[in-house]
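Colleague: Please take a close look at one part of this model for me, the side of the first chain that faces its partner. Set it in the context of the chain around it.

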Number of protein chains: 2
Amino acid sequence: MPRKTDKRNRLVEAAKALIHQQGFNLTTLADIAQEADVPLGNVYYYFKTKEAIGIAVIEKRAQELAQWIASWNESEGPFARLSTFILHALSDIDSIARFGCPIGALCQELGKQGGSLADLAAKLLHDELTWVESQFGALGAGDRSQEFALSLLSSVQGTYLLTHTFKDPKLADRQVKSLMNWLKALPLKATAKEKELALA
Amino acid sequence: MPRKTDKRNRLVEAAKALIHQQGFNLTTLADIAQEADVPLGNVYYYFKTKEAIGIAVIEKRAQELAQWIASWNESEGPFARLSTFILHALSDIDSIARFGCPIGALCQELGKQGGSLADLAAKLLHDELTWVESQFGALGAGDRSQEFALSLLSSVQGTYLLTHTFKDPKLADRQVKSLMNWLKALPLKATAKEKELALA
DNA sequence: GTCTATATACAGATAGAC
DNA sequence: GTCTATCTGTATATAGAC
C-alpha cells in the first residue's frame, strides 16, 4: 500500500471537487488543505504551486474521461454508444444544476487566462469531440461526421450551462429526450437492429 | 451634457470589456480604473463595492440585450427573426474565439458563487430564452416551443463554449450553417413565403 | 515527511487633504 | 468631486523546527 501517495491523492480529490464546485480561481489552497485534512504548509511538499495542483486535477479528469470512453465503447455499435454517451453525460442532473460541467466550466474559466492549464483542459473536450466524431464516422456519416459531432457536443455543453445557470435539473432531463430524438432522426445508415439495441 | 456621469460610464464600459475578456474574479478594480483612466481611489466615489460595478455591468448588458431583441423583432415574421438571431449571435466569431459569450461565461462563473449577481446575470439568459420561445410559439410550435427554444439556445451557448475553448472561429461559422438547416427542417407551420423572406 | 509560523504580494476598501 | 496615501484582509508561497 503506497502510504506515500495517500495524502497526495486526497489533495487531488479535494481539489477536483472544490474546483468543480467553486471554480479554479475561487478555490484557495487553504480550502483544499482543509477538505483533504492536510495542514496548509504540507501541501507544498506535494505540489510546488497552485498551478501544479491544477495540472494534477486535469490529469485526473483525463484518466477518468478515458475510463468513461472505454465504458461507452462497451455498448454494441456506434448508435448505442452515442445514446449511452448522451444518457451518461446528462445523468447526474442535480450536480449539473448546482455546479455545471466539471470539464466545460473549467475550459471556459481557464480559457480566459491562457497558459498551459488552459491547453490541458481544452484537450479533454477535444478528446471527447474526437470520440463522438469517430462514432458518427462508424455510423456512416462520412464527411458530415465533424458537423454532427460538433452539433451534439455543443448541445450537451450548452445544456450544462443553461441547467447550471437556471439551477433547474429538469432542463437537462428534457434535453436528453430532444437529443435522443435528434440522434434517431439523423439521416444515417444505422440499421434498424442497432436502433433497437439502443432502446432496449 | 451630463459631465457627471461621464466617468461613471467610462468605468462601466471598461469593466464590461475587461470582465468579458478576463472574467469577473480575475478583473481587479485597478484594472478597471486604469482602463477607464480614472484614479483607483476615485472609483469608490461612483461604486461602493466591486459587486456594485458588477451590477452596473449586468444592467448595461440588459439594456443592450433589450436593444438587440428590438432589432431582431424588426425582421418580418418569427422564422426570419430566429434566423436573424442565429446569424447575429454567432457573427463576431473572432471575439467569441478569444473571449466566449459575454453573457454565458458570466452566468457560469457567477453561478458558482451564488448571490444576487448570479441571479441578475441568469435573468439575461432567461430573457433571451423567453424571446426565442415566443418566436417558436408564433411559428405554431405549440407546446413544443419550450423544447425547441431550449435546443436552440443550448446549441448557441455550447457553440460559444467550444469555439472559445478551441480558439477556432471556424467552428462557430460551421455551427451557423447547421443551426440554420436545423431551423428550416423543423416540423413547423411556417409558410413557404416566410422561409423565402429569411433567405433573401 | 510533517507541520507551525511567517514572509510576500496584492486585492478590496477607506481616510482625509485638496 | 477628485486623488494620494494607506489600512486591512487574505492568498500564495517559504523557512525552518521537529
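Modeller: What follows starts with the chain itself, moves to the contact between the chains, and ends with a few single residues.

This is a predicted model. Chain A is helical: the count is 11 helices and zero strands. Read from the start of the sequence, the pattern is α-α-α-α-α-α-α-α-α-α-α. The C-alpha trace of chain A spans about 60 × 40 × 30 Å along its principal axes. Of the 200 residues in chain A, 50% are buried. Contacts in chain A often link distant stretches of sequence. Among those with a separation of 6 or more, 70% join residues 24 or more positions apart.

Now the part you asked about. On the side of chain A, 38 residues are in contact with chain B, and chain B answers with 38 residues of its own. The area buried between chain A and chain B is about 3,300 Å². Carbon and sulfur atoms give 61% of that area. Which three residues of chain A supply the most? They are A:Gln108, A:Lys112 and A:Leu150, with 20% of the area that chain A buries against chain B.

Next, the polar side of the contact. Between chain A and chain B the count of salt bridges is zero. Polar contacts are there, however: 11 residue pairs, both residues at pLDDT 80 or more. Five helices of chain A each give two or more residues to the side that touches chain B. They are α1 (4-22), α7 (104-111), α8 (115-138), α9 (145-166) and α10 (169-185). Of the elements, α9(A) gives the most, with 15 residues. By class, the side of chain A that touches chain B divides into 13 nonpolar, 21 polar and four charged residues.

There is also a contact inside chain A. The domain assignment splits chain A into domain 1 (1-48) and domain 2 (57-199). Their centres, taken over C-alpha atoms, are 28 Å apart. Domain 1 of chain A brings 10 residues to the contact, and domain 2 of chain A brings 14. About 1,000 Å² is buried between the two domains of chain A, with 62% of it from carbon and sulfur atoms. On the domain 1 side, A:Lys16, A:His20 and A:Phe24 supply 56% of the area buried against domain 2, more than any other three residues.

Salt bridges do appear here. The rule finds two across the interface of domain 1 and domain 2 of chain A. A:Glu13 forms a salt bridge with A:Lys60, and their closest N and O atoms are 3.6 Å apart. Four residue pairs are in polar contact across the interface between the domains of chain A, both residues at pLDDT 80 or more. The side of domain 1 that touches domain 2 in chain A holds four nonpolar, four polar and two charged residues.

Back to α9, this time in chain B. B:Thr163 is found in helix α9 (residues 145-166) of chain B. Is B:Thr163 buried or exposed? B:Thr163 counts as buried because its relative accessibility is 0%, under the 20% cut-off. A polar atom of the B:Thr163 side chain lies 2.7 Å from the backbone oxygen of B:Thr159. A polar atom of the B:Thr163 side chain also lies 3.5 Å from the backbone nitrogen of B:Ala172. Neighbours within four places in sequence aside, B:Thr163 is in contact with B:Ile96, B:Ala97, B:Asp168, B:Pro169, B:Leu171 and B:Ala172.

Two loop residues of chain A complete the picture. A:Lys167 lies in the loop between α9 and α10 of chain A. A:Lys167 is not a glycine, yet its phi is positive, about 50°. A:Lys167 has a relative accessible area of 43%, so it is partly exposed. A:Asp37 sits in the loop between α2 (29-36) and α3 (40-46) of chain A. A:Asp37 is not a glycine either, and its phi is positive at about 60°. With a relative accessible area of 63%, A:Asp37 is exposed, over the 50% cut-off.

To return to your request: the side of chain A that faces chain B draws most on α9(A), and the count of salt bridges between chain A and chain B is zero.

Terms used: Residues numbered from 1 in each chain as written. Chains lettered and ligands numbered in written order. Heavy atoms only, no water. Domains from an automatic or database assignment. Contact = heavy atoms within 4.5 Å. Buried area = accessible area lost by both parts, 1.4 Å probe. Salt bridge = Lys/Arg side-chain N within 4 Å of Asp/Glu carboxyl O. Polar contact = N/O pair within 3.5 Å; in protein donor to acceptor, adjacent residues only side chain to side chain. Nonpolar A, V, L, I, M, F, W, Y, C, P; charged D, E, K, R; others polar. Helix = DSSP H or I, 4+ residues; strand = E, 2+ residues; numbered from the N terminus. Buried < 20%, exposed > 50% of the residue type's maximum accessible area, 1.4 Å probe, protein only.
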